[in-house]
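Q: I'd love a close look at one part of this protein, with the surroundings filled in as you go. Here is the model I have in front of me.

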Amino acid sequence: MSEALSLLLLPFAASIAFVLIHAYFGVHVLRRNIVFADLALAQLSALGATVAFASGYAPASAAGFAYGLLFTAIGAALLTLTRRLAHVMSQEAFVGILYVVATAATILVVDRSPQGAEHVKKILLGSILTVGPGELAKFVALYTVIGLLCWFVRGPLLAISSELRPVGRSMAAVSIWDFLFFLAFGVVVTSSVTTAGVLLVFSFLIVPAVIGFIFTRDVRAVLAIAWAAGIAASAAGLAGSYMLDLPTGAAMVTAFALFLLVAGIAKALVLVAADRRGANLRHAVRAMLGLSLALTLATSLWLIINPAGDQPLAATFESATGFGPERFLSVTERDIYDSAGRDSVRFQNEVDRLDAREKAARVQGTPLSDEEIRRIASYQQSFNEMTRGERFVQEVLRAKARARERWLVGLPAAIISFMGLGLLVRAFRRQRFSGGSIEERATENSAVLTSE
């Protein structure tokens, strides 16, 4: 436990700082109805960091920050124009074009850079686990200053975030406030992208704010809910990445998505009136049933068409239930299949044992000799080849079993799921038609009463 705390304490503290400032800007972005503005600014900041990387500067250096801030300032100026262009084209379309162009430019720059693929991966997922005390102090100081400035000018910022042109303000004044908002927004994004990554920054910005707006429209309450949900999701993501040995950025993004799903379910099934709760529950059950039937139909058809191909959904079902394809093999074939499985596990365990021995020698400070390393590498190669051979045997027998399984299991499952989907569609159409009839009758009765 102490080891986990020492590893995750600073990343969690940084996540709290990120959530507090990013969720605030996320609320403004949602009120402006330009959801992907943050993603566009984050990608422009990534473009600046990539240009710095291609020029020989580290993305986290002062020069890397300056490059990112320069490109983000350009993006802030362009986003300021979206209000003026709202009468000509959709603001979201303009933001989407900006994001696509920034992404394409990033790829063009990376293509000419050494280790470009690794840089793109780091920019997307970040490396929040490596944040140090110095970086954390800089984040806290910067975000405190920006937060205080936004607090002092909260009135104008809230006014321009809810109206196309606030009453009593000239278009020039609105444009200046827009630019200042996007510039402050860009400074926050630029400072966080190199540490948290584009995907996690987008999650910090949008997901907590969306969770808040699910439950209320009051800005103060939205912020409180967003901060609480964002901090809880960050803690869950960090803990999950540690316990399951997963990439930290991807695990945290997934945790944010799960919290959003739970919030939506709670709003639809718990925090509503009793009659509405029952209707929502019925809709949810029908949706889950329809999705299950559609997946079953697709899996069954794929099994019938290509039994020897990869069957990911069928494999998931088999591992969960223990109902594997070996049931469709003869006794002799099943013995060969089971023997190949046992040998494959045994050979893989030998590979892992040799790998653990070599790592333990390095950690203990007594490295192996070159001859021992070559011998271990030779053994590992041999065991890997034997493992692949046993798995090939299993794959051949599995394909043979599924060629028989497709008619005994695939065809009946396809027929049943197709009929089930047909019944669901029929019930939905009948309910929709009856609902329309009830509304029409109510309208007619209201008209009759009015005429009388």
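Is Ser-192 buried or exposed? Please start there and then walk me outwards.

A: Happy to. One thing to keep in mind throughout is that this is a predicted model. Ser-192 is buried, with a relative accessible area of 0%. You will find Ser-192 in helix H9, which covers residues 171-196.

Let's look at what surrounds this serine. Setting aside neighbours within four places in sequence, Ser-192 is in contact with Phe-18, His-22, Tyr-143, Gly-197 and Val-201. Two of these names, Phe-18 and His-22, are worth following in turn.

Take the histidine to begin with. His-22 is found in helix H1 and, like the serine, counts as buried, at 0% relative accessibility. Beyond four places in sequence, His-22 is in contact with Ser-192, Tyr-143, Val-188, Val-201, Phe-204 and Leu-205. Tyr-143 and Val-201 therefore appear in the contact lists of both His-22 and Ser-192, with the serine at 0% relative accessible area. The side chain of His-22 also has a polar partner: one of its polar atoms lies 2.7 Å from the backbone oxygen of Phe-18.

That brings us to Phe-18 itself. Leaving out neighbours up to four places away, Phe-18 is in contact with Ser-192, Thr-195 and Ala-196, and also with Ala-23, Ile-128, Phe-139, Tyr-143 and Phe-204. Stepping back, Phe-18 belongs to the largest nonpolar core, which has 60 residues. Within that core, Phe-18, Phe-25, Phe-182, Phe-185 and Phe-204 touch the most other members. Helix H1, residues 2-32, gives this core its largest share, eleven residues. Apart from this core lies another one, of seven residues, including Phe-347, Val-351, Ala-361 and Ile-376. As background, nonpolar side chains in soluble globular proteins tend to be buried together.

For a second buried spot, try Ala-229. This alanine sits in helix H11, residues 219-244, and is buried, with a relative accessible area of 13%. Not counting residues up to four places away, Ala-229 touches Ile-211 and Phe-259. Its C-alpha is 9.0 Å from that of Ala-209, and those two alanines are 20 residues apart in sequence. Helix H11 has the highest mean pLDDT among the elements of the chain, at 91, whereas helix H6, residues 116-125, has the lowest, at 64. Where pLDDT is low, the predicted coordinates should not be read in detail.

Now for the charged pairs. The structure holds four salt bridges. In one of them, the side chains of Lys-400 and Glu-333 meet at 3.3 Å, N to O. Lys-400 lies in helix H16 (residues 370-451) and Glu-333 in helix H15 (residues 331-363), so this pair ties together parts that are 67 residues apart in sequence. Lys-400 is partly exposed, with a relative accessible area of 37%, whereas Glu-333 counts as buried at 13%.

Helix H15 has charged pairs of its own as well. Arg-346 forms a salt bridge with Asp-343, with the closest N and O atoms 3.3 Å apart. Both residues lie in helix H15, three residues apart, about one turn of the helix. Arg-346 is partly exposed, with a relative accessible area of 46%. The side chains of Arg-353 and Glu-350 also meet in a salt bridge, at 3.0 Å, N to O. Being three residues apart in helix H15, Arg-353 and Glu-350 are separated by about one helical turn. Arg-353 is partly exposed at 47%, and Glu-350 counts as partly exposed at 25%. Salt bridges that share partners join Glu-333, Lys-400 and Arg-404 into one network.

Finally, here is the chain as a whole. The protein chain has 16 helices and zero strands. Of its 452 residues, 36% count as buried. Among contacts with a separation of 6 or more, 76% are between residues 24 or more positions apart. The chain exposes about 25,300 Å², and carbon and sulfur atoms supply 67% of that area. The mean pLDDT of the chain is 80, with 85% of residues reaching 70 or more.

How values were computed. Residues numbered from 1 in each chain as written. Heavy atoms only, no water. Core = buried A, V, L, I, M, F, W, Y, C linked by side-chain atoms within 4.5 Å. Buried < 20%, exposed > 50% of the residue type's maximum accessible area, 1.4 Å probe, protein only. Helix = DSSP H or I, 4+ residues; strand = E, 2+ residues; numbered from the N terminus. Contact = heavy atoms within 4.5 Å. pLDDT = per-residue confidence, 0-100. Polar contact = N/O pair within 3.5 Å; in protein donor to acceptor, adjacent residues only side chain to side chain. Areas by Shrake-Rupley, 256 points an atom, 1.4 Å probe, with all protein chains shown as cover.
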